[in-house]
Amino acid sequence: MSLSIYSTLSKTQTPFVPVHPGEVRMYVCGVTVYDYTHIGHGRTFVAFDAVRRWLEASGYRVTFVRNITDVDDKIIRRAAENGVTTTELTEKFARAMQQDMLALGCLAPTHEPRATQYIPQMLDLVGLLEKKGLAYQGSDGDVDYHVRGFKGYGKLSGKSIDDLQSGARIGVNESKRDPLDFVLWKKAKPGEPQWDSPWGRGRPGWHIECSAMSRELLGDTFDIHGGGPDLIFPHHENEIAQSEGATGKTFANIWMHAGPLRVRGKDGVEEKMSKSLGNFWTIRDAIAETNTAYGEGNGNETLRFFLLKSQYRSPISFGPTLIEEARKGLVRLYTALSAVAPAVPEAIDWTDEFAARFKQEMDDDFNTAGAISVLFELANAVNSTRDAGRAGLLKALGGILNILQRDPEQFLKGGKAAVSEERIAELIAERAAAKKARNWGRADEIRNSLRQAGIELLDGPQGTTWRKI
């Protein structure tokens with residue numbers, strides 16, 4: 001089976017054929033850096049990190065672009081509220097975002113362009129749109145996109161212009177020709193970041209930056225454009241209108257969107273994540289909490305594993321109970337790796353039954369959920385055969401998803417136990433003596449007391465070890 005990908009644009013899953021053989025060019029919309037990234041961002045970026053890793057594992061040379069929006073209304077407001085410059089604010093949160101992505105095990109992008117670095121390219125694109133009659137300057141000084149001038153508008157989101165028109169209104173002083181038109185270049189306001197342009201000093205609208213940066217770094221037509229589900233309309237719809245309106249060429253061949261994330265409360269009710277509802281999770285808060293519970297570094301991998309357990313397009317629920325379930329799954333996999341020293345292959349033999357099924361799942365629209373199911377079956381085989389080659393394949397396949405690369409004993413003993421390692425060792429020795437004396441009651445008492453403290457004893461041919469439950 002060859003790689004096939006579902007496209008939001010065509011609403012179908014088809015075999016992947018890159019623009020340039022052996023090469024994949026992909027653009028994933030990044031974040032507006034006015035605050036810390038949240039777990040919804042993590043869901044999207046871990047998903048596309050897995051996409052990139054599988055493409056590379058499949059032999060493609062991948063150019064991965066993830067932008068940073070560093071000029072925006074929200075940034076300007078937040079900087080004013082904090083009494084700092086927009087540059088100071090965006091530098092702080094851009095660094096934090098990069099740290100969060102690293103903590104979740106994501107590769108750094110090939111290119112990470114910032115909007116403020118590509119103003120000339122944006123102005124060139126706006127000028128081209130104006131020449132084609134798709135952009136005009138209104139009486140308020142803003143330059144707007146003429147939506148009705150682009151015949152394909154709505155093809156990504158499935159929205160019709162007439163339906164959008166029925167829900168729109170034009171204010172008395174509105175300078176737009178049509179309420180559907182959106183801004184490409186905003187006239188400067190006092191105290192805001194601004195640049196010179198043929199239409200006067202101003203700053204770019206939000207949508208134009210991605211069209212300009214992707215065109216500059218990937219060309220007029222590239223392979224994959226991705227992002228979160230909230231970007232389908234209007235952001236990605238507007239990107240298509242801008243880019244294809246300017247060049248007359250297909251913008252991106254495949255449009256990929258991660259599924260939505262909702263937060264599950266203690267009562268089991270799922271809600272949209274919101275600060276007003278008190279269920280808002282930043283990535284760094286989630287990592288801090290899981291690392292406290294499961295051990296430094298273990299929490300990071302647990303979160304990544306949790307986010308990979310669902311196929312990227314499916315909706316996902318987030319909550320402490322669900323994270324604990326993910327940790328138990330990782331414990332199962334690491335337990336298999338702790339049972340025998342893995343003989344990791346230099347190269348994966350894709351004809352192996354487990355490797356072939358793993359590949360089949362990943363080739364089926366990057367189905368990480370199915371691929372992880374194969375890992376659990378492989379772990380069962382390791383447990384039953386104690387085969388070092390099988391264990392090595394388990395670690396190698398996990399490595400493609402950037403999981404199972406920690407020392408198994410370190411992972412299994414991670415977290416804060418209610419008793420010290422020294423005390424655990426003493427109790428293990430006391431239990432061994434009790435068993436030797438056939439004092440089974442005392443041996444069971446020690447095992448049960450440690451279990452209540454969150455420690456499970458594992459008896460094996462080499463003696464007794466332990467792990468945190």
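1. Buried residues of helix α10. In this predicted model, helix α10 buries L322, I323, A326, R327, G329, L330, V331, L333, Y334, T335, A336 and L337. Note that R327 is on that list, as are Y334 and T335.

2. Length of α10. The helix covers residues 320-339, 20 residues in total. At 1.5 Å a residue it should span 28 Å. The C-alpha atoms at its ends are 29 Å apart, so expectation and model agree.

3. Faces of strand β11. This strand takes in residues 261-264. L261 and V263 make up its covered face. R262 and R264 lie on the uncovered one. In a regular strand, side chains alternate between the two faces of the sheet.

4. Neighbours of β11. Strand β13 (residues 316-318) runs parallel to β11, with 3 bridges joining them. Strand β12 (residues 270-272) is also joined to β11 by 3 bridges, but here the run is antiparallel. R262 appears in both pairings: its bridge partner in β13 is S317, and its bridge partner in β12 is K272.

5. The β11-β12 hairpin. There are 5 residues between the two strands. G268 takes a positive phi there, near 85°.

6. The four-stranded sheet. Strands β5, β6, β7 and β8 form an open sheet in that order, with antiparallel pairing. β5 (135-137) and β8 (202-204) are the edge strands. Each has a single partner strand, so one side of each lacks a neighbour in the sheet. From one strand to the next, the twist averages 25°.

7. Inside that sheet. β6 (residues 143-145) and β7 (residues 182-187) are antiparallel and joined by 3 bridges. V143 of β6 has W185 as its bridge partner in β7.

8. Helix on the sheet. Helix α4 (residues 119-131) packs on this sheet and touches β5, β6, β7 and β8. The direction of α4 makes about 120° with that of β7.

9. The α11-α13 pair. Helix α11 spans residues 353-363 and helix α13 residues 388-400. Their axes come within 10 Å and cross at roughly 15°. Angles under 35 degrees count as roughly parallel, so α11 and α13 are roughly parallel to each other. The crossing is right-handed. On the α11 side, E353, F354, A355 and F358 make the contact. On the α13 side, the residues are R390, L393, L397 and I400.

Notes
Residues are numbered from 1 along each chain as its sequence is written. This is a predicted model: local features need pLDDT of at least 70, side-chain atom pairs count only at pLDDT 80 or more; totals for chains, interfaces and linings use all residues. Side-chain values use heavy atoms; hydrogens and water are left out. Buried means under 20% relative accessible area, exposed over 50%, partly exposed in between (1.4 Å probe, protein chains only). Two strands pair if DSSP finds at least two bridges between them. Axes are lines fitted to C-alpha atoms, for helices over the stretch in contact, and angles run from 0 to 180 degrees between N-to-C directions. Contact means heavy atoms within 4.5 Å. The expected span of a helix is 1.5 Å times one less than its number of residues. Angles under 35 degrees count as roughly parallel, over 145 as roughly antiparallel, 65 to 115 as roughly perpendicular and the rest as oblique. A crossing is left-handed if the near helix is turned anticlockwise from the far one by less than a right angle, and right-handed if clockwise.
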